[in-house]
Amino acid sequence: QLLQLAYMRPIVFILNLLVVFLSYGAYRFYKRQISLRFSFTQNDWFGSIALNFMTKYNTAGIYDSLQRLDLRENSNLLEVCIGPGVGLEEALRYQGVKVIGVDVSKDMVELSSSKIAQHIQDGRAKVVLGDVHNLSFIESNSIDRIFHMNCCYFWEDVEQALKELLRVLKPGGKMLSAMKYRAIKKGNHDPAIFKNTDPESYLKSLEKVGFVNIESSPVQLQSGCTGINAKLGCPVSSRMHYTAVFSSKTS
């Protein structure tokens, strides 16, 4: 029996080691798949997890951001990286505001379009499968307000994307870039997916391409959120924070 135990010990050790390696590998695979769905959301199992996470922890910030943009009747709002369409739905609650939503994911374009189908039919909304690096389907100097949340991390070329956003923005128009740099850094995400996570670099790129009146400030939602839809309830937690970066185009 002692001899059998002696033989079994290295086998048990190897099996335990194998379990550890397999568990670590599974975790790495899971984390990468979720990160990929954040950058390009698809309608699959990993995508549903990413969507639930985004909806839970981004909704309050989206409501708050749109309220800060001072949306006015007959103004045009462009949102890039629309995800499940929470921002488009909220913006359309502001009287007379028209919206254009852009996303690289066909699944997110279809999901968002289904949520605001009546507004699309009425001519107040348009959802486009497209890339922020090439907004050729939008006329220059035609957009009053631009909004994006948790979007610029995934851009291949930040300056090119910002040049396009500046081109379509009207003189005197405003853009709000909402990011969660603290959460991204804490999450230790794959830099091959989350390519742009330096806030200072983003601010410098805004200035370089020609945006003016650049202001960055942290926002921590403590007990509720502002916005047209806040009255329906907007629970928040310690994770309901973002950095609001305002910029505009010279009049």
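What follows is a walk through the fold, its disulfide, one helix pair and a handful of individual residues.

The model is predicted, so local features are taken only where pLDDT is at least 70 and side-chain atom pairs only at pLDDT 80 or more, while totals for chains, interfaces and linings use all residues. Residues are numbered from 1 along each chain as its sequence is written, and side-chain values use heavy atoms, with hydrogens and water left out.

Let's start with the overall picture. The protein's secondary structure amounts to eight helices and seven strands; these are DSSP runs, with helices being H or I over at least four residues and strands being E over at least two, numbered from the N terminus. Out of 251 residues, 45% count as buried. Here, buried means under 20% relative accessible area, exposed means over 50%, and partly exposed is anything in between, with a 1.4 Å probe and protein chains only. Then there are the contacts, meaning heavy atoms within 4.5 Å. Taking those between residues at least 6 apart in sequence, 74% join residues at least 24 apart.

Next up is the disulfide, which is a pair of cysteine sulfur atoms within 2.5 Å. The structure holds one, and it ties C81 to C151 with an S to S distance of 1.9 Å. The link is right-handed, with 45° about the S-S bond. It bridges distant parts of the chain, 70 residues apart: C81 sits in the loop between β1 (76-80) and α3 (86-91), and C151 in the loop between β4 (143-149) and α6. The two ends differ in their surroundings: C81 counts as partly exposed because its relative accessibility is 29%, whereas C151 has 1% and therefore counts as buried. What about C152? That cysteine is in no disulfide, and the nearest cysteine sulfur, belonging to C151, is 7.0 Å away. C152 is also at 1% relative accessibility, so C152 counts as buried.

Helix α6 turns up again in a helix pair. Helix α6 (residues 158-168) packs against helix α8 (residues 199-209) at an angle of about 50°, and their axes are 9 Å apart. For the record, axes are lines fitted to C-alpha atoms, for helices over the stretch in contact, and angles run from 0 to 180 degrees between N-to-C directions. The two helices are therefore oblique to each other. On this scale, under 35 degrees is roughly parallel, over 145 roughly antiparallel, 65 to 115 roughly perpendicular, and the rest oblique. The crossing of α6 past α8 is right-handed, the term for a near helix turned clockwise from the far one by less than a right angle, with anticlockwise giving left-handed. On the α6 side, V158, E159, L162, K163 and L166 do the touching, and they meet Y202, S205, L206, K208 and V209 of α8. Sorted by class, this contact has six nonpolar, one polar and three charged residues. Nonpolar covers Ala, Val, Leu, Ile, Met, Phe, Trp, Tyr, Cys and Pro, charged covers Asp, Glu, Lys and Arg, and polar takes the others, Gly among them.

Now for some single residues, beginning in the loop between α2 and β1, where L69 has its place. With a relative accessible area of 0%, L69 is buried. Setting aside neighbours within four places in sequence, L69 has contacts with L77, R145, I146, F147, K174, M175, L176 and F246. One of these, L176, is 107 residues away in sequence, yet the C-alpha atoms of L69 and L176 are 7.1 Å apart. That loop between α2 (45-68) and β1 also holds N74, which is exposed because its relative accessible area is 62%. N74 has a positive phi of about 70° although it is not a glycine. A positive phi also appears at N141, near 55° in a residue other than glycine. N141 is in the loop between β3 (125-129) and β4 and, at 41% relative accessible area, is partly exposed.

Two more residues round things off. N213 belongs to strand β6 (residues 212-220) and is exposed, with a relative accessible area of 57%. Beyond residues up to four places away in sequence, N213 touches F246, S247 and S248. The C-alpha atoms of N213 and S247 lie 5.3 Å apart, with their positions 34 residues apart along the chain. V104, in the loop between β2 (98-103) and α4 (106-115), is partly exposed at 36% relative accessible area. V104 and G130 are 26 residues apart in sequence, and 5.2 Å separates their C-alpha atoms.
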